[in-house]
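The following report describes selected helices and strands of one protein model. Please consult the sequence and the structure alongside the text.

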Amino acid sequence: MAYRSTLVKGMQSHRQKWLSRTIFVWLMLGTLAAHAAIQFDVFPGYEGRAHAGAWFPVGIEVLNDGASFEGTIVVTPSNLGSQTVRVPVSLPNGTRKRLSLPVFCPSAGTIEFDAKLLDERGKVRAEQTQVRLITVGLETPLLGVLPANFAGRPEFPSTENQNSDWSPATTRIDPAIFTDNPIALEGLNAIYLNSARALELKTPQVDALLSWLNLGGHLIVALDQTGDLNSLPWLAKILPAQPGELTEVAAGNALQSWLMGTPAIPNHAFAPKRSKSDQDSNSSTTRQKSKNQPFERYQDLKADPTFSNANLPVFRSRVESDKVIVQAGSTPLIIRQSIGRGAVTFLAFNPEREPFKSWKLKNWFWAGLTGVPASLLGKNSPQYWGGTSVDSLMAAMTETTQVRKPPVLLLILLLVAYLIVIGPFDHWWLKRIRRPMLTWITFPCYVVLFSLLIYVIGYKLRAGRTEWNELHVIDVLPMDSGGERAALRGRSFCNLYSPANRLYQSKANLAFSGMRFEWNGVAGKLDQSRLTFDSKPNSYSAEFFVPVWSSELVVLDWLDYAAAPITCEVQAGGGLKIENHSRTLFDHVWVFRGASEAAYFDGLRGGASQTVSLTGGHSVNAFVQSELSLLTAAAASHESAFGRREPVRLDDWSTNSAKISLLSLATRPPEYDANQYNSRPDDSRHFVGPTGFDVAPTLDRDDYLVMAWASDNVGVPELNSFTAFRHRRGTLLRLAVSSEKSR
């Protein structure tokens, strides 16, 4: 009996072990299956490209076929400083989520970043590491394309340029992953959209596209079929013409004559910068040399006789004559109009069909239509575009006055004194008292003494109280005639001085936002400070680190929708009526039109209005040029690690902010023509800013430009989530108003 009892117990024990092992195996297999059921794809930039000095989207697609969970997507660029972007995502079983995160690209070259999907416990459920992205320079045009079919994709001429940073490129965008964040689109100079693909865009994507257009984008539209507009009321509303029936027109000569002349460059905020070598693009020497190159200048192109003799299917369009760019006889071919700070170009023909599809110069056509500088289409690389960063000016203006930089002479004297004390003095003193072995005691004492002295000097020069300064530059884009709803594109320059090593928090409710550190230009150093940005629906929260006794500039790029704080209306007599819809006093108001019309007045109270009549003879250039040397000196002083005898301060936030908004005017030669390829800035005084910051293209179009300054926050809540013992705030509102000529 004892033997049977032992045998039964052994069998039961064996069954229990087998059952527990089976359960463990099934649990492990279930866990592995749950993990393997996650598909995690990353789509960086625009088909793997991004634009230096601009935001770009990082598209994320997650498919969860396993257990439901609440996750967080984390994107950390590995060579863009310690800036991390996070976004929460809910992943029920069987769902597919597509998200787009904005990331700022500070420099040209190749960058890498890591993307991870974390669960509630912070465990990595999926990841892609060392995702590579190719960036292009500030001057290099980047055209996003949404063609009806792959074969109809627009391309630029091949350049044989060994430096990919300066090769103009077209990037195909899949409508399925088209970003719904208008800020993330600002890295594109222009977008080509075929109506067949416009039908696939969802409402958030359309809203982002229209916001990008109003902010300064160039949208090129072609119709696949006239009936497409019946399903696209938003597209029909912005087109500069009413397309009608399709007819065949001999349009080849008209298009080739326009291309081989000087194509009219569309003036818009996201237009590519002019190249340095464009200055000589039309000189006799350059033209002679260009004949030996495989790709010649626009003026040296040879017409395609086959295309000249072919009939091009064209939509007959009703349009105002001043909007027509190219026409064949009385039939408009290319039509353009301004919308906000951007431009819409309508092609009355389908460039994805014959005979345009077989045109030998079609790649050059796309280059001319988007304003590609001629120098970028040659064999030799252009010179590197440098200059003083606009961020340095804003940082110098908002920097605290509590601290002073250590003078170089003081540091040199302190170093000399230290070397004398630990060397000749120590040797002489110990020899005199006949105790040379005491150097093991005296030397540490000298180190401690000088360390305390350095701390006292640093404390006297740099110690202060927490200070937070906010300077907001906001572009107002009314979305209706009364200004009841407007898009507000803000750039908030926030300078924080910290008396200790600590982390600081910032948060606000804004529709779209992204935060970055100070941008030092394409060739500048990367800020290695820590920044964690949590992007949430219609809000954000951020945490950044500031070292002791130092200040950091953080820039919040954001877009929100609200009532317009300022509206303007062109009067019949030629004046401009300006209304202040906010409750804040506008201390200063500037009004510009073109290069020689300007007006200024003070004190526009909340709820009040004033009509301004502009008179000629006031040079906008003179306004920007005044005290330009002071701005340059302030930027240099900010970038310098050591101080000067007389620190350069920019205390007048209002006037300097208005000038900085137009700084590109200060670098233009007297013969500058915005519609010519051979115009270039004076690079000895060149300033470079993030894409879309400069508002000079508004004046190039002969539109009105209104800038109003308020010594308080207008249109944006307070951004600091901590106590600041010292603070200062100010807002510059910028509004572009279409003139009668441009309308």
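Helix 3 comprises 13 residues, 203-215, and spans 18 Å from its first C-alpha to its last, close to the 18 Å expected at 1.5 Å a residue; the expected span is defined as 1.5 Å times one less than the number of residues. Helices (H or I, at least four residues) and strands (E, at least two) are DSSP runs numbered from the N terminus. The model is predicted: local features require pLDDT of at least 70 and side-chain atom pairs count only at pLDDT 80 or more, while totals for chains, interfaces and linings use all residues. Residues are numbered from 1 along each chain as its sequence is written, and side-chain values use heavy atoms, with hydrogens and water left out.

The buried residues of helix 3 (under 20% relative accessible area, 1.4 Å probe, protein chains only) are Gln205, Val206, Ala208, Leu209, Ser211, Trp212, Leu213 and Leu215. Gly216 follows helix 3 and has a positive phi, near 145 degrees.

Helix 9, residues 390-398, is mostly covered, with nine of its nine residues buried. At its N-terminal end, Ser389 acts as a cap: a side-chain oxygen of Ser389 lies 3.1 Å from the backbone nitrogen of Asp391.

An open sheet of seven strands follows the order 10-9-11-12-17-16-15, with mixed pairing. Strand 10 (169-172) and strand 15 (324-328) are at the edges with a single partner strand each, so one side of each has no neighbour in the sheet. On average, neighbouring strands of this sheet are turned by 15 degrees against each other, direction ignored. Helix 8 (residues 362-369) packs on the sheet and touches strand 11, strand 12 (218-222), strand 16 (331-339) and strand 17 (342-347), where contact means heavy atoms within 4.5 Å. The direction of helix 8 makes about 150 degrees with that of strand 17; axes are lines fitted to C-alpha atoms, for helices over the stretch in contact, and angles run from 0 to 180 degrees between N-to-C directions.

Two strand pairs are set out below; strands pair if DSSP finds at least two bridges between them.

| Strands | Sense | Bridges | Partner residues |
|---|---|---|---|
| Strand 9 (142-146) and strand 11 (190-194) | parallel | four bridges | Leu146 and Leu193 |
| Strand 26 (566-570) and strand 27 (576-580) | antiparallel | five bridges | Cys568 and Ile578 |

Strand 26 is largely enclosed by the rest of the structure, because four of its five residues are buried. Strand 26 and strand 27 form a hairpin with five residues between them, and Gly574 in the turn has a positive phi of about 105 degrees.

Note on methods. Buried < 20%, exposed > 50% of the residue type's maximum accessible area, 1.4 Å probe, protein only. Polar contact = N/O pair within 3.5 Å; in protein donor to acceptor, adjacent residues only side chain to side chain.
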